[in-house]
Amino acid sequence: MRFTLDELHAAHALVTRHMAPTPQYAWPQLAARTGAEVWVKHENHTATGAFKLRGAITFIDWVKRTYPDARGICTATRGNHGQGQARQAVAAGLIAKVYVPCGNSVEKNAAMRAFGAEVIEHGDDFDAAREEAYRVAEAEGLVIVPPFHTELVRGVATYGLELFTAVPDLDTVYVPIGCGSGICGTILARDALGLKTEVVGVVSENAPTAKLSAEAGRLVETDSARTFADGMAVRVPVQAALDIYRTGAARIVTVSDAEVAEAIRIYYRDIHNLAEGAGAAPLAALLQERDKMMGRKVGVILCGGNIDTDWFLTVMSGGVPAV
């Protein structure tokens with residue numbers, strides 16, 4: 001998978017008809033903590049509070065062009081993907097059936113319903129919900145929205161286009177990995193612009209499938225993915241994504257839930273921005289590698305801010321949410 005600059009600019013023109021570009025700021029408070037010039041890409045400022053909206057915009061546009069008689073979509077999510085898909089599907093006159101694992105984020109479920117989704121709980125984790133979504137889409141004649149697809153990645157890559165256009169001399173960018181659209185979009189935007197910025201993936205130590213797969217050069221599933229950073233809670237990797245980040249990422253770093261919780265506290269105390277677990281993971285990785293990044297210009301993708309109230313209160317009280 002590759003994108004030309006023309007393809008990315010066309011995607012950006014489409015995306016920004018449905019949402020405003022998000023800002024990127026260099027925060028001196030974070031520079032003081034890390035010794036690096038730290039640029040935060042604020043995907044927590046989209047209309048759904050997360051980067052996934054970008055891919056939903058391009059994907060639903062593709063669905064309407066490719067399947068003009070489709071009555072709706074079906075997908076699986078931990079929340080952010082589902083919010084974006086519901087928003088865009090309903091706006092396009094489609095139904096949106098969204099599967100989530102049992103015990104999923106109460107507030108993300110409520111947000112998806114507010115955007116017009118029918119939310120159904122199924123299974124113990126994202127991958128079980130995903131399998132059911134595929135079954136139901138086939139049985140009911142709905143268009144399946146997979147976790148990884150060229151049109152999803154093309155939309156998501158527009159945040160990388162914005163960041164690299166605004167700050168083309170970044171040395172390193174840290175990006176969280178779930179199913180892989182975020183890191184792959186960042187890599188492909190960098191490559192389309194011809195830049196040399198190193199892209200570093202970030203996974204939870206409790207959901208390391210992407211790191212294990214990249215190191216093995218093949219798909220490596222894990223038995224569980226129990227982390228409160230639910231945007232990274234994936235057991236089963238995606239081959240098409242692995243094919244991109246295995247060679248396009250400089251390395252993949254693991255972070256603990258305790259490190260992620262501390263990064264959430266830092267974001268709120270230092271710059272008064274709300275970060276969910278996956279959104280804080282890149283900052284956690286930068287803090288882990290602060291000696292290596294000293295004096296460099298570094299980007300971190302704050303990919304979302306949709307953390308449930310109870311978890312946020314636990315974190316701000318010094319704890320780590322139990323899952």
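Buried means under 20% relative accessible area, exposed over 50%, and partly exposed in between, with a 1.4 Å probe and protein chains only. Strands (E, at least two residues) and helices (H or I, at least four) are DSSP runs numbered from the N terminus.

The model is predicted: local features need pLDDT of at least 70, side-chain atom pairs pLDDT 80 or more, while totals for chains, interfaces and linings use all residues. Residues are numbered from 1 along each chain as its sequence is written, and side-chain values use heavy atoms, without hydrogens and water.

**Exercise 1.** Explain why strand β2 is largely enclosed by the rest of the structure.

*Solution.* Take residues 37-42. Of these 6 residues, 5 are buried, so β2 is largely enclosed.

**Exercise 2.** Find the partners of β2; two strands pair if DSSP finds at least two bridges between them.

*Solution.* Step 1: β1 (residues 24-26) runs antiparallel to β2, joined by 3 bridges. Here Tyr-25 stands opposite Val-40. Step 2: β10 (residues 297-302) pairs with β2 in the parallel sense over 6 bridges. Here His-42 faces Leu-302.

**Exercise 3.** Locate the largest pocket (an open set of 1 Å grid points, over the protein atoms alone, where a 1.4 Å probe fits, with protein on both sides within 12 Å along at least five of seven lines; lining residues have an atom within 4 Å of a point).

*Solution.* Step 1: 24 residues line the pocket; Arg-78, Cys-102, Gly-103, Trp-311 and Val-323 lie nearest its centre. Step 2: α5 (106-114) and α14 (309-316) each supply at least two lining residues. Step 3: domain 1 (5-51 + 150-317) and domain 2 (52-144) both contribute to the lining, so the pocket lies between them. These bounds come from an automatic or database domain assignment.

Terms used. Two strands pair if DSSP finds at least two bridges between them.
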